[in-house]
Amino acid sequence: MTATVIAGTGSYVPERVLTNADLERMVDTSDEWITARTGIRERRIAADNQATSDLAIEAGRRAIEAAGITAQDVDLVLVATATPDMFFPATACLVQTALGATNAAAFDLSAACSGFIYGLNVADAYIRSGSYKNVLLIGAETMSRVVDWEDRTTCVLFGDGAGAVLLQAGEGDTGSGAPGLMRTDIHSDGAAWDYICVPGGGSRMPPSDALVDSRQQFLKMKGNETFKVAVRNMERAARTVLEDAGGIKAHDLALVVPHQANMRILNAVAERLELPAGKVYVNLDRYGNTSAASVPLAFDEAVRAGRLERGDLVLMLAFGSGLTWGAALLRWG
Ligand code: UT7
């Protein structure tokens with residue numbers, strides 16, 4: 001039986017740190033408000049000469065190295081991003097050539113903050129069907145380029161970064177203890193497309209249209225509405241994968257790696273699922289919401305910090321613009 005195994009992880013964040021105190025000098029906000037309402041204390045901002053692919057390349061290089069393979073062994077590069085370098089070519093192609101992954105196909109996946117979970121679902125299907133053997137899946141974003149730095153309700157939330165995993169075909173039954181992805185569950189609800197969006201800059205409101213307000217090219221968000229559906233949908237997706245994997249209980253999980261959007265959202269999900277204290281991995285205090293990069297960045301940190309042992313069960317959760325949401329359950333090893 002073929003199983004999709006995580007053979008290596010990597011991540012990268014830009015050097016520049018933007019603290020809540022820095023934001024106090026930019027918009028009418030306070031460290032107290034941001035910390036209490038979100039849990040975020042600082043975030044990273046890409047240098048002027050860094051685009052999303054630059055972050056993705058570093059994270060990808062580290063995942064390949066951790067997996068102990070070469071870039072030539074990679075046969076698919078998949079980049080989940082909502083902030084690609086350009087409309088086209090795909091950011092994945094820029095990553096593919098920079099890494100020297102000369103034998104790989106490459107494409108981007110657009111599912112906003114859920115992009116990494118969607119990517120796991122896609123990569124898993126490719127690997128289990130035998131189409132690809134070494135898939136480099138990267139979540140990478142430069143949210144700082146689409147955030148409205150004059151809008152205090154959104155600009156305090158986001159940050160830049162990248163996380164990656166190298167997925168490989170492994171042997172064994174995950175249900176009987178073999179390592180690998182056990183279940184993924186992904187969903188969408190396009191009726192709520194305007195909960196989080198960048199309305200301008202695309203074909204509906206092209207940048208060439210002189211009548212379009214240039215601020216339409218910045219991120220807009222209905223924070224309260226998003227908060228509620230985020231909690232509900234992540235809980236639902238989590239219950240689905242746990243149930244589908246044979247009725248795994250929350251207390252069986254070694255680690256939960258959720259999308260790092262807001263500490264209050266994470267607390268609400270943890271409470272509803274009755275997750276044991278200390279099992280929810282949190283790094284949003286240092287990086288804010290890095291969209292598609294958020295889950296793989298947190299996962300790489302957890303792996304490198306030695307938080308996982310062979311056989312441990314890990315639950316990943318995400319939600320985001322689309323709306324999209326999903327969950328993935330895996331056995332580490
Ligand atoms: O990847 C998915 C991304 N999206 C999300 O995760 C969004 C989910 N939503 C949230 O995280 C929360 O809804 C927010 C953090 C965005 C907002 O928190 P909230 O507790 O829902 O605040 P609110 O929007 O209800 O605003 C409360 C007050 C308002 O003032 P008034 O009208 O009560 O006088 C806001 O104007 O807080 C004000 N406010 C701020 N004050 C200081 C909003 N943003 C700020 C700010 N600093 N940055």
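**Entry 1: Asp-312 and its surroundings**

I began with Asp-312, which touches Ala-254, Arg-307, Leu-330, Arg-331 and Trp-332, leaving aside residues up to four places away in sequence. A reminder to myself: this is a predicted model. I then looked up where Asp-312 sits, and found it in the loop between helix 10 and strand 12.

Next I asked myself: is Asp-312 buried or exposed? Asp-312 is buried, and yet it has no salt bridge. I checked for a side chain of opposite charge, and the nearest is Arg-331, 8.0 Å away. A salt bridge needs a nitrogen within 4 Å of a carboxyl oxygen. I did find a polar atom of the Asp-312 side chain 2.8 Å from the backbone nitrogen of Glu-309.

**Entry 2: the sheet**

Arg-331 led me to strand 13, which covers residues 324–331. I wanted to see the sheet around this strand. In what order do its strands lie? I read the order as 8-13-12-11, in an open sheet of 4 strands with mixed pairing. Strand 8 (180–188) and strand 11 (255–258) are the edges; each has a single partner strand, so one side of each has no neighbour in the sheet. I also looked up the turn between neighbouring strands, and on average it is 10°, with direction ignored.

A note from my reading: strands of a sheet pair through backbone hydrogen bonds, either parallel or antiparallel. With that in mind I went through the partners of strand 13. Strand 8 runs antiparallel to strand 13, and 8 bridges join the two. One residue I picked out was Thr-184, whose bridge partner in strand 13 is Ala-328. Strand 12 also pairs with strand 13 in the antiparallel sense, over 8 bridges. Here I picked Leu-315, and its bridge partner in strand 13 is Leu-329.

How many residues lie between strand 12 and strand 13 in their hairpin? I found 3 residues there, and Gly-322 in the turn has a positive phi of about 150°.

**Entry 3: which way the side chains point**

I had read that in a regular strand the side chains alternate between the two faces of the sheet. I tried this on strand 13. Thr-324, Gly-326, Ala-328 and Leu-330 point one way, while Trp-325, Ala-327, Leu-329 and Arg-331 point the other way. I then looked up how covered the strand is, and 8 of its 8 residues are buried.

**Entry 4: helices against the sheet**

Which strands does helix 5 lie across? I found that helix 5 (residues 115–129) lies across strand 8, strand 12 (313–320) and strand 13, and that it runs at about 125° to strand 8. Helix 10 (residues 294–304) packs on the sheet as well, where it touches strand 11 and strand 12. I noted an angle of about 145° between the directions of helix 10 and strand 11.

**Entry 5: salt bridges**

After Asp-312, I was curious about charged pairs elsewhere. How many salt bridges does a search of the whole structure find? The search gives 12.

I looked at Arg-215 next. Arg-215 forms a salt bridge with Asp-148, and their closest N and O atoms are 2.8 Å apart. This pair links distant parts of the chain, 67 residues apart: Arg-215 is in the loop between strand 9 (196–197) and strand 10 (220–221), and Asp-148 is in the loop between strand 6 (134–142) and helix 6 (152–155). Arg-215 also meets Glu-150 in a salt bridge, at 3.0 Å from N to O. Glu-150 lies in the loop between strand 6 and helix 6, so this second pair ties together parts 65 residues apart in sequence.

I compared their accessibility too. Asp-148 counts as buried because its relative accessibility is 6%. Arg-215, at 31%, counts as partly exposed, and Glu-150, at 62%, counts as exposed.

My last stop was helix 3 (residues 52–67), where Arg-62 and Glu-58 lie 4 residues apart, about one turn of the helix. Their side chains meet in a salt bridge of 3.9 Å, N to O. I found Arg-62 partly exposed at 35%, and Glu-58 partly exposed at 24%. Together with Arg-61, these two residues are linked in a network of salt bridges.

Conventions. Residues numbered from 1 in each chain as written. Predicted model: local features only at pLDDT ≥ 70, side-chain atom pairs only at ≥ 80, totals over all residues. Heavy atoms only, no water. Pairing = 2+ DSSP bridges. Axes fitted to C-alpha atoms, helices over the stretch in contact; angles between N-to-C directions. Contact = heavy atoms within 4.5 Å. Buried < 20%, exposed > 50% of the residue type's maximum accessible area, 1.4 Å probe, protein only. Lys, Arg positive; Asp, Glu negative; His and termini not counted. Polar contact = N/O pair within 3.5 Å; in protein donor to acceptor, adjacent residues only side chain to side chain.
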